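Me: Could you walk me through the packing in this protein, one question at a time?

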Amino acid sequence: KAAPTAQPSIVGRWRIADPVGYEERDRMLQMDEYGIFKNYHNASTSYSYDYNYSVEGDVFTFGDSFHTYSFQFKLSSVDGQDYLEIYNNTSFGGKWVRSK
């Protein structure tokens with residue numbers, strides 16, 4: 001009997017799994033354990049849009065004092081690689097892969 005595998009955590013750095021072009025290749029999302037969500041349009045510049053976030057079930061909610069946004073997500077692990085699939089969001093929708 002196979003041992004159960006732990007559910008991957010959303011905490012970490014994520015890059016687009018199948019990037020198309022330079023801009024997508026350089027995008028990165030980062031969620032830290034303190035509830036800060038960083039959206040890097042160009043990770044090499046180290047400039048990010050920062051938001052507070054919370055997770056309840058499969059809903060990720062983020063924002064600032066003026067706006068709040070949310071999306072549904074699913075975490076999975078295939079052959080030791082973690083994936084984050086984001087639904088119902090035009091800015092972040094799609095499949096992301098854990099980055100070092």
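Here are some questions and answers on the core, the rings and two polar residues.

Me: Before we start, what kind of model is this, and how are residues numbered?

Reply: Happy to help: residues are numbered from 1 along each chain as its sequence is written, and side-chain values use heavy atoms, with hydrogens and water left out. Local features need pLDDT of at least 70, side-chain atom pairs count only at pLDDT 80 or more, and totals for chains, interfaces and linings use all residues, since this is a predicted model.

Me: Which element gives the largest share of the largest nonpolar core?

Reply: A nonpolar core is a set of buried Ala, Val, Leu, Ile, Met, Phe, Trp, Tyr and Cys residues joined through side-chain atoms within 4.5 Å; buried means under 20% relative accessible area, exposed over 50%, partly exposed in between (1.4 Å probe, protein chains only). This core has 17 residues, and L29, M31, F37, F60, F62 and L84 touch the most other members. Elements giving two or more residues include β1 (12-16), β2 (28-31) and β6 (68-78), where strands (E, at least two residues) are DSSP runs numbered from the N terminus. The largest share, 3 residues, comes from β6.

Me: How are the rings of F37 and F60 arranged?

Reply: F37 and F60 are both buried. Rings of Phe, Tyr and Trp (its six-membered ring) pair if their centres lie within 6.5 Å; planes under 30 degrees apart count as stacked, over 60 as edge-to-face and the rest as tilted. Here the centres are 5.2 Å apart and the planes stand at 80 degrees, so the pair is edge-to-face.

Me: How many residues apart in sequence are the parts that this pair ties together?

Reply: F37 lies in strand β3 (residues 36-42) and F60 in strand β5. The pair therefore ties together parts whose separation in sequence is 23 residues.

Me: Which side chain makes a polar contact with the side chain of N39?

Reply: N39 lies in strand β3 and is buried, with a relative accessible area of 5%. A polar contact is a pair of N or O atoms within 3.5 Å; within protein, one must be able to donate a hydrogen and the other to accept it, and residues adjacent in sequence count only if both atoms are side-chain atoms. At 3.2 Å, the partner of N39 is R27.

Me: And which side chain makes a polar contact with that of Q30?

Reply: Q30 lies in strand β2 and counts as buried at 16% relative accessibility. With a polar contact of 3.4 Å, the partner of the Q30 side chain is R13.

Technical notes:
Helices (H or I, at least four residues) and strands (E, at least two) are DSSP runs, numbered from the N terminus.
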